[in-house]
Amino acid sequence: MPTVPPVPAVPAVPVVNAVPRADATVPSTMTAVVQDRYGRQDVLEVREVPVPEPGPGQVLVEVVATSLNAADWHIMAGLPYVARLAVGPLRPASRVQGRDVAGRVRAVGAGVTAVRVGDDVVGRPGVRDLDGGGFAQYAIARPERLVPKPPTLSFEDAAAIPLAASTALLGLREGDVGAATRVLVNGSSGGVGTFAVQLAVALGAEVTGVCSTRNVELVRSLGAHHVVDYTRGDVTRRGERYDVVLDMVGTASVHALRRVVTPDGVLVLGGGGKGRWLEPMPTIAEAHLRRAVLRQRVRPMSEAATHEDLAELVTMAGDGRLRPVVERVLPLTQAREAMRHLLEDHARGKIVLVP
Ligand SMILES: NC(=O)c1ccc[n+]([C@@H]2O[C@H](COP(=O)([O-])OP(=O)(O)OC[C@H]3O[C@@H](n4cnc5c(N)ncnc54)[C@H](OP(=O)(O)O)[C@@H]3O)[C@@H](O)[C@H]2O)c1
């Protein structure tokens, strides 16, 4: 991965820079954001629950910071309905969500040798049927989903990275983005988009970001060569074409987005939409159908990031070559407000929660 140019400072946020206590012992109960049913953010309840026990091949992490992702909204809402087949038909199989974690290893299950108690780590927690997500004081993770946290990276910034930055990297990889590729990132000021812009610039691409007026300067500060304000016109009707279009919004049709892709370019669909029944399945089905008949490639993002991908992203952030954009750091107990802000106010970059 080439070097990312330094990113100018983004507007200041009240960062807590928490560190775990060196002498902490694991209690039997913990504060967690628990979800017993699907619904709006009022299904998220702050409760005292047992600390989960790491099983064989699992790790208990004391959570110093976690962050919100669109995936947490999907599981909170249980939408699209079809997704409930995977995450729990009547209620979530795991009652504690949270797909990112930065913290300190406090216990390891049988057979774990890759991490040790006391290691500071960052990664993707959660094990089906166990209340082990990141929205809690302790989370369960598999060691292959954790990487060392560099000392130069705060826990809050680290927690912003795993799912969103991996998604951005995979999206750019789907588009074979490289030097001189003309890339359009639709949704460039959000959790995934802020990473996608920086990574595409690092790969040598000429990057255009799309966002609303208030975020234009932010996206420019991340290195975007051009920024389009979607409140001032439809980006699919400007007559410009790009080699790769990374769509992190999901509101425009594949048909409309194809207008901005060069004849042999790639449209990468990352945005899920907020439909109730099948979204984004119809868009993905359309993508597969079009792929069969068009020279333009339309690719849904489906592949999972590897351990090496996560390690590289975290190393880049530790070196200052990749800057997590953290809009807010809130106490875990304000998870409802954080989710409301993510959905209704269009968060910029990531929202981090600290237990
Ligand atoms: N977070 C993840 O790791 C992850 C993983 C897999 C898939 N996804 C999918 O990727 C999508 C984006 O996720 P995210 O976490 O980056 O969301 P997000 O933080 O809510 O960001 C949404 C972005 O879309 C922009 N936007 C909103 N309406 C727009 C419009 N009409 N035209 C152009 N841009 C518009 C927003 O800009 P303004 O704020 O300036 O309005 C913002 O930049 C979601 O659909 C999610 O399901 C996310």
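## Close-ups of a predicted model

**View 1. Strand E8 and its two neighbours.** In E11, the residue standing opposite Leu184 is Val245. That pairing belongs to a set of 4 bridges that join E8 to strand E11 (residues 242-247), and the two strands run parallel. Bear in mind that this is a predicted model. E8 itself covers residues 182-186, and 4 of its 5 residues are buried, so call it mostly covered. Strand E9 (residues 206-211) also pairs with E8, again in the parallel sense, over 5 bridges. Here Arg182 stands opposite Glu206 in E9. To get from E8 to E9 the chain goes through helix H5 (residues 191-202), and this β-α-β crossover is right-handed.

**View 2. Asn186, a polar side chain in strand E8.** Is Asn186 buried or exposed? With a relative accessible area of 9%, Asn186 is buried, because the cut-off for that is under 20%. Asn186 lies in strand E8, and a polar contact of 2.8 Å links its side chain to that of Asp247. Leaving out residues up to four places away in sequence, Asn186 touches Val210, Val235, Leu246, Asp247, Met248, Val249 and Leu257.

**View 3. The open sheet, strand by strand.** Pull back a bit and you have an open sheet of 6 strands, in the order E10-E9-E8-E11-E12-E13, with parallel pairing. Strand E10 (226-229) and strand E13 (297-300) are the edge strands, each pairing on one side only. From one strand to the next, the twist averages 15°. Strand E12 (residues 261-269) pairs with E13 over 4 bridges in the parallel sense, and Leu267 stands opposite Val298 in E13. Helix H4 packs on this sheet, touching E8, E11, E12 and E13, and its direction makes about 155° with that of E12.

**View 4. Helix H4 on its own.** How many of the 13 residues of H4 are buried? The count is 11, which leaves H4 mostly covered. Among the buried residues are Pro162, Leu163, Leu169, Leu170 and Leu172, along with the polar or charged Ser166 and Glu174. The helix geometry is easy to check by hand: H4 (residues 162-174) should span 18 Å at 1.5 Å a residue, and its end C-alpha atoms are 18 Å apart, so the two agree. Following H4 comes Asp176, with a positive phi near 50°.

**View 5. Strand E3 and its antiparallel partners.** A quick refresher for this one: strands of a sheet pair through backbone hydrogen bonds, either parallel or antiparallel. Strand E3 (residues 59-67) has 9 of its 9 residues buried. With strand E4 (residues 101-108), E3 pairs in the antiparallel sense over 6 bridges, and Ala65 stands opposite Ala102 there. Strand E6 (residues 138-141) is another antiparallel partner of E3, over 4 bridges. Which residue of E6 is the bridge partner of Val59? That would be Ala141. E3 also pairs with strand E15 (residues 350-354), antiparallel again, over 2 bridges. In E15, Val352 is the bridge partner of Ser67.

Key: Residues are numbered from 1 along each chain as its sequence is written. This is a predicted model: local features need pLDDT of at least 70, side-chain atom pairs count only at pLDDT 80 or more; totals for chains, interfaces and linings use all residues. Side-chain values use heavy atoms; hydrogens and water are left out. Buried means under 20% relative accessible area, exposed over 50%, partly exposed in between (1.4 Å probe, protein chains only). Two strands pair if DSSP finds at least two bridges between them. A crossover is right-handed if, with the strands pointing away from the viewer, the path from the first strand over the helix to the second runs clockwise. The expected span of a helix is 1.5 Å times one less than its number of residues. A polar contact is a pair of N or O atoms within 3.5 Å; within protein, one must be able to donate a hydrogen and the other to accept it, and residues adjacent in sequence count only if both atoms are side-chain atoms. Contact means heavy atoms within 4.5 Å. Axes are lines fitted to C-alpha atoms, for helices over the stretch in contact, and angles run from 0 to 180 degrees between N-to-C directions.
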